[in-house]
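Welcome, and please have your viewer ready. This is a guided tour, taken one selection at a time.

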Amino acid sequence: MPLHKARKAFTVFLLTASLLGTTFIPEGKAYASTADPIQGQVTEVKTARTSDEKIAEWENWAKDHVYRLDTIHPANTADGTNQYKDLAMLKPLLHDKRFVFLGESSHGVGEFNLAKTRLIQFLHQEMGYNVLAFESGLGNSSLAYGRVGQQSAEQTMKDSIFGVWWSKEIMPLFDYMKTAQQSKQPLVLTGFDMQLQHPLLDGQWLQDQAMAKRLSEAEKKLSDYSLGTDLAAYRKEKHQLIQVYKDALKSLKTEANEAHLKRLYPDNPKLSMLLERSLNDRIRVAREYVELSIQSTLGMESGDYAPFLESMEWRDQAMHDNLMWLATEVYPTEKFIVWGHNDHIRKAQTEVMGSPYPVTLMGEKLSDEMKKYSYVLGLYPASGQTADNMGNVHDVLPAEPGSIESILSAAGSPYTFVDLRYQKRESGNSWMFEPRFAYSWGMIPESLIARDQYDGILLIDDVNPPQYMRSSASSKASVPAEE
């Protein structure tokens, strides 16, 4: 099969997997999801002609100006030595930034999980970033954090984040979080997504057990409808489902339930307001998003991708709103680390040619003021293998000459960081000011102006799929995770 056809087939496969609710989980089951699919509208992206001499100039510039990290492996916090000397260059770049966005071109790269964990350790310990916001459910992450000191790190991981990240490589992050909870400087875990996610809200945090049962049943119905195609049946029942969430809100806000929350979830004093936001999110999801999800599935069957794109933009608006709410209402004095896919965090998504998502996503929705005090770091692989959201393994395609990956690879380092934000244009770095190739998911070609999308890029040379962790028999999961 010709290369461009292979790329198109892969793109359509990922979209189909998403819209039909077949997202990979470590147990090999099919998960419900509309998160990070790849749209079926494939644009053939062609590289601009660039002379060999110009490419050589760019590569020579990279050799002289990039930073070479010593390691991506998380630090041993029991070791008293300075384990972050190679990250010291980040301090002047981030000294006035409230948000650091940590991206990834694919969710299926073990080395990304390792590298981001080490960066989080550094940002938390040495720069005072005390809130970690994941591209995962607000309610799930907040509930899991409420018991971070009372349960295993693995259980916190599986209760809080989407299944695509359940891996051995991310476990050091949750071990670190559990240890930090006992210190004077905890690392707070939260999420900003609004999707239905394993475990569904079972209502055990409601003292009224009858209300908890009603909520659990409503969650299951909402999840089933969102995966199906029976729009008429959903419209008949949606108002009844919305009423359940309204009733759960009333039950949540009683004084007796406040005491109940503190007993069950002692590590998250903000939990009541976070759950209130999560229930209000569910009401918005029930009113609007589930119908969009159903229409996306129906559209996929007929080759109409417009409903999916509409649902994607709806989701990212909700994620943006949740993140801003967390930053202004819940943790107004804290600095944030934000974990998400490159597509969600980059600053001008609609300007990316060939993007799986040609719509305005979360990062582009940020106000100019928020962007001013943010630093957006994109992560890319140069070679190796990645996994898609179904867990299928794919080779990272060879870098095109003059592509972002090719230029940075010339530095000859396994872990290459380049700052884009504070560069002044010159002949040797003109590549970052003009459209260049980069691969999404390691094999979908995109054309983008690097400096317009990211403030920095971390390139990891040889990557591998994560070592996924299966659910244990004791897991509370009754509905699989989404991503």
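We begin with the whole chain, then visit the cores, a helix pair, a covered helix, a few single residues and some strands.

**The whole chain**

Keep in mind throughout that this is a predicted model. Show the protein chain as a cartoon and you will find 17 helices and 13 strands. Now colour by accessibility: of the 483 residues in the chain, 61% are buried. How far apart in sequence are the residues that make contact? Among contacts with a separation of 6 or more, 80% come from residues 24 or more positions apart.

**The nonpolar cores**

As background, nonpolar side chains in soluble globular proteins tend to be buried together. For this chain, select Leu-132, Leu-173, Leu-323, Phe-336 and Trp-431, and show their side chains. Within the largest nonpolar core, which has 97 residues, these five touch the most other members. Add helix H4, residues 110-127: H4 gives the most to this core, with eight residues.

Centre the view on Leu-323 next. Leaving aside residues up to four places away in sequence, Leu-323 touches Phe-99, Phe-101, Ala-133, Phe-192, Phe-336, Val-338 and Met-362. There is also a second, separate core of 36 residues, and Leu-231, Leu-252, Tyr-265 and Ala-286 are among its members.

**A pair of helices**

Hide the side chains and select helix H9 (residues 231-252) together with helix H11 (residues 271-302). At what angle do H9 and H11 pack? The angle is about 175°, and the axes are 10 Å apart. H9 is therefore roughly antiparallel to H11. Colour the contact between H9 and H11 by residue class and you get 13 nonpolar, three polar and seven charged residues.

**From H11 to H5**

Stay on H11 and pick Ser-278, which has its place in that helix. Is Ser-278 buried or exposed? Ser-278 counts as buried because its relative accessibility is 4%, and the cut-off for buried is under 20%. Beyond residues up to four places away in sequence, Ser-278 touches Leu-138 and Gly-139.

Those two contacts lead to the next selection, helix H5 (residues 138-145). How many of the eight residues of H5 are buried? Eight of its eight are, so H5 is mostly covered. By name, the buried residues of H5 are Leu-138, Gly-139, Asn-140, Ser-141, Ser-142, Leu-143, Ala-144 and Tyr-145. To see what they pack against, display strand S5 (129-137), helix H6 (153-160), strand S6 (188-193), H11 and helix H12 (306-330).

**A stop at Glu-59**

Jump now to Glu-59 in helix H2, residues 52-65. Glu-59 counts as partly exposed, because its relative accessibility is 21%. Draw a C-alpha to C-alpha distance from Glu-59 to Leu-408: these residues are 349 apart in sequence and 7.0 Å apart in space. Show the side chains around Glu-59 as well. Not counting residues up to four places away in sequence, Glu-59 touches Ser-406, Ile-407 and Ala-410.

**The hairpin of S11 and S12**

Select strand S11 (residues 435-440) and S12, which run antiparallel and are joined by six bridges. Two pairs help you line them up: Ser-440 stands opposite Ile-444 in S12, and the partner of Pro-435 in S12 is Ile-449. Three residues lie between the strands of this hairpin, where Trp-441 takes a positive phi near 60°.

How covered are these strands? S11 is mostly covered, with five of its six residues buried. Strand S12, residues 444-449, also has five of its six residues buried, so S12 is largely enclosed by the rest of the structure.

**Last stop: S13 and its partners**

Finish with strand S13, residues 456-463. Six of its eight residues are buried, so S13 is largely enclosed by the rest of the structure. Add strand S8 (residues 374-387), which pairs with S13 in the parallel sense over seven bridges. Gly-378 is a handy marker here, standing opposite Ile-457 in S13.

Then add strand S10 (residues 415-419). S10 and S13 run antiparallel, and five bridges join them. To check the register in your viewer, label Phe-417, whose bridge partner in S13 is Leu-458.

Notes:
Residues are numbered from 1 along each chain as its sequence is written. This is a predicted model: local features need pLDDT of at least 70, side-chain atom pairs count only at pLDDT 80 or more; totals for chains, interfaces and linings use all residues. Side-chain values use heavy atoms; hydrogens and water are left out. Axes are lines fitted to C-alpha atoms, for helices over the stretch in contact, and angles run from 0 to 180 degrees between N-to-C directions. Helices (H or I, at least four residues) and strands (E, at least two) are DSSP runs, numbered from the N terminus. Angles under 35 degrees count as roughly parallel, over 145 as roughly antiparallel, 65 to 115 as roughly perpendicular and the rest as oblique. Ala, Val, Leu, Ile, Met, Phe, Trp, Tyr, Cys and Pro count as nonpolar, Asp, Glu, Lys and Arg as charged, and the others, Gly among them, as polar. A nonpolar core is a set of buried Ala, Val, Leu, Ile, Met, Phe, Trp, Tyr and Cys residues joined through side-chain atoms within 4.5 Å. Buried means under 20% relative accessible area, exposed over 50%, partly exposed in between (1.4 Å probe, protein chains only). Contact means heavy atoms within 4.5 Å. Two strands pair if DSSP finds at least two bridges between them.
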